[in-house]
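Reader: Could you take me through this model, beginning with how its surface is computed?

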Amino acid sequence: MARSSNFQITGNELQAMVNENLLGLKAGQSIPATNRCLTRQEVANRVHVYTGDASDGGSFIPNSSWQIGNTLYTGPSPNFTCNYNYLNATRLSDSGGNSSLIFEMSQETNPYQNVDLFGFVNGSALRLDPANNLDGMFFGNPQYSPQMSAAVRVGNSVYVQANFGLINPDGASYGWDAPGYGFLEVSANGTLISNQLIFKPFNNTSSTLQSLSYTFTVQANTNYYVKAYSLITYEYYKCYSSTSSNDACASISSLSCSCCGEGGC
């Protein structure tokens, strides 16, 4: 949604910002379906935004003081409406408790089946390998991203994609053409929320690309871990090369083959 600066935010407009992954709704809360302008307190109670100040130096809902009877209260005011310009979604790193986002890419075997790992927040690429000025992770066993929790905000949509193999053949084999399995695992606070695998067959003459992906909405107080890895594997009863772990060679007469079980050579 688009919202002009210096206007007060309505319930319907605030809900639209949640729907578009610009803000995160607090647990157990709902937003009034109304064109009435919401108070600062109503907004602060319902969505994860900075109030009083902001550690990232951005905007925030200011605190006010008001008195009810003999009690003085301080915080986002229940008497003033909330300006759109005050809204600044809380970064995951500032949401308290567990609040991390780490990516790991691991090519488990040697020779390996290659894997590339990418992450996007609301459609924009995360810089997972800043040391090499790369958005994705392509090299290493394993390779870890920096802590990414400051780069995402509560309520944002994170899309992760792992690619196994290549779109086009790329000369001598260094894993792009190897057969095997690719895995993509996403955990939240130590619990798997996505666990996927895909098989990539051997092919050294055309595309071998296979991909796995997952999308999640960033929640407060959550520790996220994304891991993509690959393994070269063969069915136990198939022939395999005794000189190259890249090749299952039942039909490759140029390689020296061994057998491991029934129905082999």
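Author: Accessible areas come from the Shrake-Rupley method with a 1.4 Å probe, and for residues only the protein chains shown count as cover. This is a predicted model, in which local features need pLDDT of at least 70 and side-chain atom pairs count only at pLDDT 80 or more, whereas totals for chains, interfaces and linings use all residues. Residues are numbered from 1 along each chain as its sequence is written, and side-chain values use heavy atoms, with hydrogens and water left out.

Reader: What percentage of the accessible surface of the protein belongs to carbon and sulfur atoms?
Author: The accessible surface of the protein comes to about 13,000 Å². The share of this surface that belongs to carbon and sulfur atoms is 48%.

Reader: Which residue of β9 is the bridge partner of Y181?
Author: Helices (H or I, at least four residues) and strands (E, at least two) are DSSP runs, numbered from the N terminus, and the protein has two helices and 13 strands. Two strands pair if DSSP finds at least two bridges between them; β8 (residues 180-188) and β9 (residues 191-200) run antiparallel and are joined by nine bridges. These two strands form a hairpin with two residues between them, where N189 in the turn has a positive phi of about 50°. In β9, the bridge partner of Y181 is F199.

Reader: Which strand gives the most to the largest nonpolar core?
Author: A nonpolar core is a set of buried Ala, Val, Leu, Ile, Met, Phe, Trp, Tyr and Cys residues joined through side-chain atoms within 4.5 Å, where buried means under 20% relative accessible area, exposed over 50% and partly exposed in between (1.4 Å probe, protein chains only). The largest such core has 26 residues, and L101, F103, L117, L126, V152, L184 and V226 touch the most other members. At least two residues of this core come from each of β3 (100-107), β4 (115-121), β7 (157-164), β8, β10 (210-217) and β11 (223-231). With four residues, the strand that gives the most is β7.

Reader: How far from the sulfur of C37 is the nearest cysteine sulfur?
Author: A disulfide is a pair of cysteine sulfur atoms within 2.5 Å, and the structure holds zero disulfides. C37 counts as partly exposed, at 31% relative accessibility, while C82 is buried, with a relative accessible area of 0%. For C37, the nearest cysteine sulfur is that of C82, at a distance of 9.9 Å.
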